[in-house]
Amino acid sequence: MNTPEVETRLAIDGGRPVRESLLPYARPEIDDDDIAAVVDVLRSGWLTTGPRVAEFEAAFAEQVGARDAIALSSGTAALHAAMHALGIGPGDEVIVASLTFAATANCVVFQGAQPVFADVDPQTLLVTAESVSACKSPRTKAIIAVDFAGQPCDYDALRALAASWNVPLVADACHSLGGSYRGQPVGSLADLSCFSLHAVKHVAAGEGGVVTTDNAEWAGRIRRFRNHGIDSDHRERAAQGSWSYQMIDLGYNYRLSDLQSALALRQLGKLSQSIARRREIARRYDQAFVGCPALRPLATRPETEHAWHLYVVQLDPDRLTADRRLVFQALRAEGVGVNVHYLPVHLHPYYREQFGTAEGDCPAAERAYEQLLTLPLFPAMTDADVDDCVAAVLKVIGAYSRSPAAVAASPRLVSASTAGDHG
Ligand SMILES: *Cc1c(COP(=O)(O)O)cnc(C)c1O
């Protein structure tokens, strides 16, 4: 085997790229048994909500240790259904993590309520009891925490806070299925937990979502909500030999199909295996970046089992001559499909225009956004793929590093980020 020789001239400057073809940041893994499970459903003739949905829900509830799991058509539908179950409506405020996908906040707006954006801890990029407390008002009706990148938030602190305010705690657990906090699985840590079955998530059904809860009343409201607000489904009516149904609430068609559930059920069976592989890849990255101070992986806390949806690093702008945009483009040119998660939601034009949010609302999330990069991470990556990504990162960071002398010479460089956090 020939050891690949890494040319130091960057691909973006005309050098030879580390990889010939772009490695994506995520890729679903579909095996022959997954395909066979979907084909079985096609042959059964029962395409939408049927036996596979119920089977998937039971397996999911068991996996996360919740009384109920309700399958929906997307993670966004799961978040919307959670807001509906809690009766969130006009005049209400819901505290939402700011560094997340837009859907975490949109679900509040769907209900006519107002999201209030909580800042994140600069090391973990998770909301904290302190950052959530800063958003409290007499109108606060719920909290939505986000397990960013797959690391569960500090649920002891968040639960204690929610209980002291007497408001429910919702987990946007779209990144953290399979993770745990003090030995307790994600999905049983908040009053309602929302998951996505999107193609890049741990359990990929193409599209899909799940809400888990121990509260039977909320579970019932969510089941109705996904089916137009109707009080029974067609299978129950068939079993009772009845045609009549009543619409109780205004609901949506947010159902998951049997086709998707068959795939999701198979994928769920491989969850612990796929997380184990994700963890190995994350360790390999961690070890490779130990000697690279210009690049800092997110902090992980010992009381959590990380689900490793994303491997995120923060660049240290004081040690680099290039900004994140250029580092991003240089890595893409090397064949590494880096990504950025996320533009903080309060900086999207829609929120600025409709809710008057602006720069300065969540300084730590905003600062993090300028420095973030997501490196490829999916279970089917080989060690050689990981090593390519490491080689490309070290090549690009090496090319754009300030000399150690220049870094040491400037006192501003040492203190800038920490001073800002507390200032
Ligand atoms: C994926 C995701 C969602 C939305 O899920 P969809 O299934 O794509 O609707 C919501 N929140 C977070 C944090 C996500 O990563």
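Okay, let's start at the ligand: one of its oxygen atoms is 2.7 Å from a polar backbone atom of Gly75. Keep in mind that this is a predicted model, and that every distance I mention is computed from it.

So how much of the ligand is covered by protein? Taken alone, the ligand exposes 380 Å², and the protein buries 92% of that.

Back to the polar contacts, then. On the nitrogen side, there's an atom of the ligand 2.8 Å from a polar side-chain atom of Asp172. Tyr342 shows up too: an N or O atom in the Tyr342 side chain is 3.4 Å from an oxygen atom of the ligand.

Who else is around? The shell has 14 residues, and the ones that come nearest are Gly75, Thr76, Asp172, Ser196 and Lys201. If you sort the shell by character, you get eight polar residues, four nonpolar and two charged. And which element gives the largest share of that shell? That's α3, with three residues.

Now hang on to Asp172, please, as I'll use this residue to walk away from the ligand. The side chain of Asp172 also makes a polar contact of 2.8 Å with the side chain of Thr104. Thr104 sits in helix α4. Is Thr104 buried or exposed? Buried, because its relative accessible area is 1%, and the cut-off for buried is under 20%. Setting aside residues up to four places away in sequence, Thr104 touches Leu79, Val96, Ile144, Val146 and, again, Asp172.

Let's zoom out to the helix. α4 runs over residues 103–110, and six of its eight residues are buried, so call the helix mostly covered. The buried ones are Ala103, Thr104, Ala105, Cys107, Val108 and Val109. What's doing the covering? The list includes two helices, α3 (75–85) and α12 (349–355), along with strands β2 (93–97), β3 (114–118), β4 (140–146) and β5 (169–172). So α3 turns up twice in this talk: among the cover of α4, and in the shell around the ligand. One backbone detail for the torsion fans: after α4 comes Gly112, with a positive phi near 80°.

Next, strand β4, where we find Ala145. Ala145 is buried, at a relative accessible area of 0%. Beyond its neighbours within four places in sequence, Ala145 is in contact with Val127, Cys153, Tyr155, Leu158, Leu169, Val170, Ala171 and, yes, Asp172. There's also a nice long-range pair here: Ala145 and Val96 are 49 residues apart along the chain, but their C-alpha atoms are separated by 6.4 Å. Val96 is one we met a minute ago, among the residues that Thr104 touches.

Last topic, the cysteines. How many disulfides does the structure hold? Zero. Take Cys174: why is there no bond to Cys194, whose sulfur is the closest cysteine sulfur? Because the two sulfurs are 6.9 Å apart, which is too far, the cut-off being within 2.5 Å. Cys292 is in no disulfide either, with the nearest cysteine sulfur, in Cys389, 14 Å away. As for exposure, Cys174 counts as buried at 10% relative accessibility, and Cys292 counts as buried at 10% as well.

If you take one residue home, make it Asp172: its side chain has a polar atom 2.8 Å from a ligand nitrogen, it pairs with the Thr104 side chain, and it is in contact with Ala145. That's me done, thanks.

Methods: Residues numbered from 1 in each chain as written. Predicted model: local features only at pLDDT ≥ 70, side-chain atom pairs only at ≥ 80, totals over all residues. Heavy atoms only, no water. Buried < 20%, exposed > 50% of the residue type's maximum accessible area, 1.4 Å probe, protein only. Helix = DSSP H or I, 4+ residues; strand = E, 2+ residues; numbered from the N terminus. Contact = heavy atoms within 4.5 Å. Near = heavy atom within 4 Å. Polar contact = N/O pair within 3.5 Å; in protein donor to acceptor, adjacent residues only side chain to side chain. Areas by Shrake-Rupley, 256 points an atom, 1.4 Å probe, with all protein chains shown as cover. Nonpolar A, V, L, I, M, F, W, Y, C, P; charged D, E, K, R; others polar.
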